[in-house]
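Please load the model in a viewer and keep the selection panel at hand. The tour below proceeds by selection, with a short account of what is found at each stop.

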Amino acid sequence: MTSQLQPVPVNPVSLPAPRGYSHGTLSGNTLYLGGQTALDADMKIVPGGIVEQFRQAFGNVLTTLRAAGGVPADLVSITIYLTDIPDYQAHGREIGVVWRELAGPVYPAMAGIGTTGLWQPEAMIEILGVAVIPDDRLIRPAR
């Protein structure tokens with residue numbers, strides 16, 4: 001396997017230090033973005049409900065994407081795990097505003113999946129994704 005295809009962890013210093021996982025894994029030009037909940041820098045889930053948790057979780061995803069040189073337009077797939085689908089749907093317009101604020105009018109393939117719980121009991125949402133970053137912007141972290 002060439003060194004460019006060997007998986008390389010992407011762990012931005014501005015996110016909580018991972019233990020037993022990576023925030024992202026880069027293989028070639030494909031960045032696999034690990035699931036992000038609404039953890040802030042103090043390792044606490046942000047308060048305030050689904051819109052605020054969406055903002056923090058998606059912001060965490062984008063932080064990892066940017067650490068590898070990516071931009072929101074590089075996202076090809078997003079999966080959103082939710083503990084309360086009706087609550088997410090009820091706030092869909094507000095979440096859409098946050099999405100456009102953070103990512104612009106980029107809408108990759110998406111899935112929303114209901115679940116009974118996430119790693120942190122107070123987490124309402126977890127977002128993961130996949131991005132393909134062009135060579136001219138790709139930042140390959142040192143191993």
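In what order do the six strands of the open sheet lie, and what is their pairing? In this predicted model, the order is β1-β2-β3-β6-β4-β5, and the pairing is mixed. Select β1 (8-10) and β5 next: these are the edge strands, each of which pairs on one side only. On average, neighbouring strands of the sheet are turned by 15 degrees against each other, with direction ignored.

Now restrict the selection to residues 24-27, which form β2, and residues 30-36, which form β3. The two strands pair in the antiparallel sense over four bridges. Within this pair, display S27, which stands opposite T30 in β3.

Proceed to helix α3 by selecting residues 92-103. The helix has twelve residues, and the distance from its first C-alpha to its last is 16 Å, close to the 16 Å expected at 1.5 Å a residue. Which residues of α3 are buried? They are I95, G96, V98, W99 and A103. Viewed down the axis of α3, these buried residues fall within an arc of 160 degrees and therefore line one face of the helix.

Keep the buried residues of α3 displayed and add their packing partners: α1 (50-67), β4 (75-82), α2 (85-90) and β5 (109-114). Then rotate to the other side of α3, where R93 and E101 are exposed.

Finally, select G104, located just after α3. The phi of G104 is positive, at about 75 degrees.

Technical notes:
Residues numbered from 1 in each chain as written. Predicted model: local features only at pLDDT ≥ 70, side-chain atom pairs only at ≥ 80, totals over all residues. Heavy atoms only, no water. Expected span 1.5 Å × (residues − 1). Buried < 20%, exposed > 50% of the residue type's maximum accessible area, 1.4 Å probe, protein only. Arc of directions from axis to C-beta. Contact = heavy atoms within 4.5 Å. Pairing = 2+ DSSP bridges. Axes fitted to C-alpha atoms, helices over the stretch in contact; angles between N-to-C directions.
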